[in-house]
Number of protein chains: 2
Amino acid sequence: MELAAAKLKFIEAWGKLGSEWGINRTMAQVHALLLISPEALTTEEIMENLSISRGNANMTLRDLIGWGLIEKQHKAGERKEYFFADKDVWNIARQVAKERKKRELEPVLKVLNELSAVTGNEKDPELITFKKSIEDINKLAGNVDKTLETMLKAEESWFWGSVLKVFK
Amino acid sequence: MELAAAKLKFIEAWGKLGSEWGINRTMAQVHALLLISPEALTTEEIMENLSISRGNANMTLRDLIGWGLIEKQHKAGERKEYFFADKDVWNIARQVAKERKKRELEPVLKVLNELSAVTGNEKDPELITFKKSIEDINKLAGNVDKTLETMLKAEESWFWGSVLKVFK
DNA sequence: ATAAACTTTCAATAATTTTTGAAAGTTTAA
DNA sequence: TTAAACTTTCAAAAATTATTGAAAGTTTAT
């Protein structure tokens, strides 16, 4: 397959994967584009490449910066802003894990903790089932949380080395 | 907090979490409802409880069965179908991991493998960057895949025991 | 101070996803 | 059979989410 076709295919696949995981399709596509681009690109270039509007490009780029996945760059003597993606896939994974942990896992843990203080007749099967479910989910979420904590601090080779060695 | 309020809050939280992870909000809510219900429920009861239409309930229940998260039950001498959720949170996690691996990770791995056969001028920075990215993503995805494989086969206590021990 | 170069905003519009509900389909009992 | 009880389907409507693009805003050079 030729590079041009492969790029298109990769951008499409990354966009699809993103949308299946609750990430805006366009955001994932812009990220894909920057990920395979050796040079930083301007808003203009991104707009052309993906056929999206200026407003969309601007918002999407801002979001990607918010996720810590891309950065602005300035070239000497130029007014334009250039955008550049971190190419280290482990950093990307960590960054995504970090943000989703903060934005989603932590709020859920908070709610679960509130819910574990539910009151009522301790003989009521409804209450018993409810408390058991909350407790179990809490434990699982706690383990996920700890594992993510470790991942956030770890080097890639150490992390997978450790995880996969255990599972061999 | 009273049980009734806690239930509502849990259903809402589970629905929100689902929608953030690309799972239909209603589907997650129906799952939440069944998860905290000691008894199997009928379509009718689910419709009432969540204020959703018959068609929506029916499709959602079918999807949940497709994900392996709930089952139909029949009560002796009754025509109605009852629905019941697996209450084992580790099974739920495994089931979701299994389905998403099959539906999303595997197709992506397939595309990545095709893309790693990209051709072109080996001196072209565009090609070099592209190949490097694909290769790195491939490696990471491979490790995720192996870890999920292990998780699918493992008992909960063993899995977290092993993972967390390594990281302590 | 002015204007050109560039970026951001946001109300309107478009696209996508979800939900409805009535009709069609199926199963069971008598 | 028939009809009641129950389930499924799916076109249309509603709700949600994403995108556009032109106007407003900002920065820099002169």
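User: Which residues come nearest to DNA strand C?

Analyst: In this predicted model, A:Gly55, A:Arg79, A:Glu81, B:Ser53 and B:Gly55 come nearest, out of 17 residues around DNA strand C.

User: And which elements give two or more residues to that surface?

Analyst: Chain A provides helix H4 (54–66), while chain B provides helix H2 (25–35) and helix H4 (54–66). The largest share of the surface near DNA strand C is from H4(A), with four residues.

User: How do the residues of the surface near DNA strand C divide into nonpolar, polar and charged?

Analyst: Eight are polar, seven are charged and two are nonpolar.

User: Changing topic to the protein contact: how many residues does it take from each of chain A and chain B?

Analyst: The contact takes 48 residues from chain A and 48 residues from chain B. On the side of chain A that touches chain B, the elements giving two or more residues are helix H1 (3–20), helix H5 (89–115), helix H6 (125–153) and helix H7 (156–167) of chain A.

User: Which of them gives the most?

Analyst: H6(A) does, with 13 residues on the side of chain A that touches chain B. The residues of that side comprise 28 nonpolar, 10 polar and 10 charged.

User: What rotation superposes chain A on chain B?

Analyst: A rotation of 180 degrees, with 0.0 Å of shift along its axis, superposes chain A on chain B at an RMSD of 0.0 Å. That is the relation of a two-fold axis.

User: What percentage of the contact residues of chain A recur in chain B?

Analyst: The figure is 100%, and the same surface serves both copies.

How values were computed:
Residues are numbered from 1 along each chain as its sequence is written. Chains are lettered from A and ligands numbered from 1 in the order in which they are written. This is a predicted model: local features need pLDDT of at least 70, side-chain atom pairs count only at pLDDT 80 or more; totals for chains, interfaces and linings use all residues. Two residues are in contact if their C-beta atoms, placed from the backbone, lie within 7 Å. Ala, Val, Leu, Ile, Met, Phe, Trp, Tyr, Cys and Pro count as nonpolar, Asp, Glu, Lys and Arg as charged, and the others, Gly among them, as polar. Copies are superposed by least squares on the C-alpha atoms of residues with pLDDT of at least 70 in both. A residue is near a molecule or strand if its C-beta atom, placed from the backbone, lies within 6 Å of it.
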